[in-house]
Amino acid sequence: MPTGTEVETRPVVLILLGPPGAGKGTQARMLEERFGLVQLSTGDLLRAAVAEGTPAGLAAKAVMESGALVSDEIVLEILAERMARPDVARGVILDGFPRTAGQAAALDTLLAGVGQAVTAAISLEVDDAAMVGRVSGRFTCAACGEGYHDEHKQPAVAGTCDKCGGTEFKRRADDNAETVAERLKAYHAQTAPLIAHYAGLGVLERVDAMQDIDAVAGGLGDIVARVTV
Ligand code: AP5
């Protein structure tokens, strides 16, 4: 029975905005651990669909390899499926979504329908010139997905994942200089305008993501602690 002292807690909806290599995935995983939120990466969901050979995955594969954006229809379908799972109840970190005005409008409508709104959209601000090096040096643990980099973040013991002890690593098919250039173009043409959208809603935050990984995590953590009070 209500006592009158309960505080209504709304699920947290955080958005990480930034071009390829800005550190969205790296930081989302760190925030997930620190704040108990769920990282929801449309890139990861699409890569899983490609690997499984689902109709969405078959349609997305060539588009992703070209560096262009997958259609809003496919992305919204896989996102809705993921959002319907119970583990997202406490809150989510959206990594790589929304990426177009249509996706942002669909998210606003979806949240408004359940009495919610975006808690914060955090723009990871970087220099494009450094992103090709960040992306082409990236590799991940094949078993748990922990991310590494040839120069900036190597496993403590060479060839062994710090997190799960796995010994197999993989690199993404779209992490070559040519495709990264296309992904950067797509970001500036279709995603960067969302920064103004979220500024207009009063939920935009900015972080200097040219700092080292731990410094970026510190700045982001301060923001998330403030907006989720
Ligand atoms: P997606 O998987 O979302 O890729 P992306 O946006 O291009 O971003 P990345 O994963 O490349 O970079 P990141 O910012 O996560 O950087 P990371 O933390 O790994 O999308 C792939 C494709 O899927 C798209 O091109 C599109 O086709 C499709 N897609 C996905 N979502 C879509 C959507 N909503 N709509 C339509 N299409 C969609 O870091 C990179 C490397 O740098 C790592 O090695 C890391 O260790 C290192 N690093 C990170 N931070 C730092 C730092 N501060 N200093 C030094 N090194 C760092």
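**Close-up views of a predicted model**

**View 1. Arg 82, a charged residue tucked away in helix α4.** With a relative accessibility of 10%, Arg 82 counts as buried, since the cut-off for buried is under 20%. This is a predicted model, and that goes for every view below. Arg 82 belongs to helix α4, which runs over residues 72–83. What does Arg 82 touch, once its neighbours within four places in sequence are set aside? Its contacts are Val 38, Leu 40, Leu 45, Asp 87 and Val 88.

**View 2. Helix α1 and its two faces.** Helix α1 covers residues 24–35, and its twelve residues should span 16 Å at 1.5 Å a residue. The C-alpha atoms at its ends are 16 Å apart, so the model agrees with that expectation. Which residues of α1 are buried? They are Lys 24, Gly 25, Gln 27, Ala 28, Leu 31 and Phe 35. Look down the axis of α1 and these buried residues fall within an arc of 160°, so they line one face of the helix. As a reminder, an α-helix has 3.6 residues a turn, so residues three or four places apart point the same way. On the face turned away from the buried side of α1 sit the exposed residues Glu 33 and Arg 34. The buried residues of α1 pack against four strands, β1 (12–17), β2 (38–41), β3 (91–95) and β4 (120–125), and against helix α9 (213–227). Just past the end of α1, Gly 36 has a positive phi of about 70°.

**View 3. Leu 16 in strand β1.** Leu 16 is part of strand β1 and is buried, with a relative accessible area of 2%. Leaving out residues up to four places away in sequence, Leu 16 touches Lys 24, Gln 27 and Ala 28, along with Ile 93, Leu 94, Gly 96, Ile 122 and Leu 220. Lys 24, Gln 27 and Ala 28 should look familiar, as they are among the buried residues of α1. How far apart in space are the C-alpha atoms of Leu 16 and Val 224? They are separated by 11 Å, although the two residues are 208 residues apart along the chain.

**View 4. The largest nonpolar core, with a second core kept separate.** The largest nonpolar core has 29 residues, and the ones with the most contacts inside it are Ile 15, Leu 46, Leu 94, Leu 107 and Tyr 198. At least two residues of this core come from each of β1, β2, α3 (55–66), α4, β3, α5 (101–113) and α8 (194–200). Helix α4 gives the largest share, four residues. Zoom in on Leu 94 and, not counting residues up to four places away in sequence, you find it touching Val 13, Leu 14, Ile 15, Leu 16, Leu 40, Leu 79 and Leu 107. A second, separate core has 23 residues, including Ala 120, Leu 124, Met 131 and Val 135. In soluble globular proteins, nonpolar side chains tend to be buried together.

**View 5. An aromatic cluster of Phe 139, Tyr 148 and Phe 169.** How many aromatic pairs does the model have? The count comes to three. One of them, Phe 139 with Tyr 148, is stacked, at 5.7 Å centre to centre with 25° between the planes. Phe 139 also pairs with Phe 169: the ring centres are 5.6 Å apart and the planes are at 75°, so this pair is edge-to-face. That second pair links distant parts of the chain, with Phe 139 in strand β5 (residues 138–141) and Phe 169 in strand β7 (residues 169–170), 30 residues apart. Together, Phe 139, Tyr 148 and Phe 169 form one aromatic cluster. Phe 139 is buried at 11% relative accessible area, and Tyr 148 is buried at 4%. Phe 169, at 26%, counts as partly exposed.

**View 6. Around Tyr 148.** Tyr 148 is in strand β6, residues 147–149. The charged end of Lys 153 sits over the Tyr 148 ring, 5.2 Å from its centre. Beyond residues up to four places away in sequence, Tyr 148 has a long contact list, including Gly 137, Arg 138, Cys 141, Gln 154, Pro 155, Cys 161 and Lys 163. Asp 162 is another residue that Tyr 148 touches; the two are 14 residues apart in sequence and 9.9 Å apart in space, C-alpha to C-alpha.

Technical notes. Residues are numbered from 1 along each chain as its sequence is written. This is a predicted model: local features need pLDDT of at least 70, side-chain atom pairs count only at pLDDT 80 or more; totals for chains, interfaces and linings use all residues. Side-chain values use heavy atoms; hydrogens and water are left out. Buried means under 20% relative accessible area, exposed over 50%, partly exposed in between (1.4 Å probe, protein chains only). Contact means heavy atoms within 4.5 Å. The expected span of a helix is 1.5 Å times one less than its number of residues. The arc is that of the directions from the helix axis to the C-beta atoms. Rings of Phe, Tyr and Trp (its six-membered ring) pair if their centres lie within 6.5 Å; planes under 30 degrees apart count as stacked, over 60 as edge-to-face and the rest as tilted. A charge sits over a ring if NZ of Lys or CZ of Arg is within 6 Å of the ring centre and within 35 degrees of the ring normal. A nonpolar core is a set of buried Ala, Val, Leu, Ile, Met, Phe, Trp, Tyr and Cys residues joined through side-chain atoms within 4.5 Å.
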